[in-house]
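Biologist: Before we talk about the spaces in this structure, could you put it in front of us?

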Amino acid sequence: MNIDTLKPLYNIEAVRKIEYYSETDSTNQRAKEDIRNIEKNEESENGSLELPCLYIADIQTAGRGRMGRPWKSDSGEGIWMSYSFRPKLAPDKIPGITLLASIAVARGISEYIKNKEPSFNVGEIKIKWPNDLVIGTKKVCGILTELVSSDDSYSVICGIGVNVNTPSFPGELQDKATSLLIETGKVCSRETLIYLIIRKLSELIEEYEISESLDFILEEYNSLLISMNKEVIIIDNSITNNNSTKKQSDYLNTFISRGINNTGALLIEDSSGNISSVSSGEVSVRGIYGYV
Ligand code: BTN
């Protein structure tokens, strides 16, 4: 990967450090360890703060997804990166960042493809709440946001995985995952995509820090939301906990998805027309016919 393409990110102050690995365990893990080291150095009063920082790997040997799932990233064909920063936001605003990341990726990919492959309909790129990007019924990007807190500060790590130039997926993954190469038929520049995504993400974070609300992306997010005004199944994540006395069947209720509110929660309408909101830590959402 030609990291020089990313140098303009320093000029716009989107990053203060870029770490590139041809192979590492997980870029989120690299980011986490660096933050812990920075904190130690600060305690001894000779540390230098280098956030925001961008970690990029060609290959991850232990890529991680949400809910402790593994994330396949053992080839140099995708974007496996983590963006770490100290947001000027109250902790209750942090879940919103993950939604901003999905907007940044959607905008970045759309801008890139519009220039390189105008015949591809970028309207097909959608968000599955809270932050998966899908094309058709298959996932093209996943985002894992983690919070690293200490006594008096906290940092956020936004881990982004995009399937870019993967020619095909093995086994059952081929029904669930897709790549930009598969969809557009064109090899895409990972460097240019990273540049576009991180520039947009840093701009969105700045706007969020000023407004402290997701109002400014609400319309765009809901227009990209694949489940908007469609029937969805809500799955309570606590039923995966073995100690739970709840029955899975109690939670497989169908609702109509009515989009997100300005905190990033999903609004769902039951059969009597009552609307409630659910947060991404508590529940997962499935379409009535499968993943989306
Ligand atoms: C998901 O959809 O479950 C989230 C996937 C997040 C994958 C990215 S790849 C870069 C970063 N490093 C990791 O180990 N995970 C994230």
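Modeller: This is a predicted model, and the lining of its largest cavity draws its largest share, three residues, from strand β12 (residues 283-287).

Biologist: What makes a residue such as Val-285 or Tyr-291 part of the lining of the largest cavity?

Modeller: A lining residue must have an atom within 4 Å of a point of the cavity, and among those that line the largest cavity are Lys-128, Trp-129, Val-285, Arg-286, Gly-287 and Tyr-291. The lining divides into six nonpolar, two polar and two charged residues.

Biologist: Why is the space of about 50 Å³ counted as a cavity?

Modeller: A cavity is a set of points where a 1.4 Å probe fits but cannot get out. The volume of about 50 Å³ is set against a threshold of 30 Å³ or more, and by that rule the count comes to one cavity.

Biologist: What makes the approach of Lys-139 to the ligand a polar contact?

Modeller: The cut-off is a pair of N or O atoms within 3.5 Å, and a polar side-chain atom of Lys-139 lies 2.6 Å from an oxygen atom of the ligand, so the pair counts as a polar contact. By that cut-off Ser-26 also qualifies, with a side-chain N or O atom 2.8 Å from a ligand oxygen, as does Thr-27, whose side chain has an N or O atom 3.2 Å from a ligand nitrogen. The protein covers 98% of the 420 Å² of accessible area that the ligand has on its own.

Biologist: Which space does the ligand take, and which strand gives the most to the shell around the ligand?

Modeller: The ligand takes the largest pocket, and β6 contributes the most to the surrounding shell, with four residues.

Note on methods. Residues numbered from 1 in each chain as written. Predicted model: local features only at pLDDT ≥ 70, side-chain atom pairs only at ≥ 80, totals over all residues. Heavy atoms only, no water. 1 Å grid on protein atoms, 1.4 Å probe; cavity = no way out; pocket = protein on both sides within 12 Å on 5 of 7 lines; lining within 4 Å. Points joined across faces, edges and corners; volume = space filled by probe spheres on them. Helix = DSSP H or I, 4+ residues; strand = E, 2+ residues; numbered from the N terminus. Nonpolar A, V, L, I, M, F, W, Y, C, P; charged D, E, K, R; others polar. Polar contact = N/O pair within 3.5 Å; in protein donor to acceptor, adjacent residues only side chain to side chain. Areas by Shrake-Rupley, 256 points an atom, 1.4 Å probe, with all protein chains shown as cover. Sits in = over half its atoms within 2 Å of the grid points.
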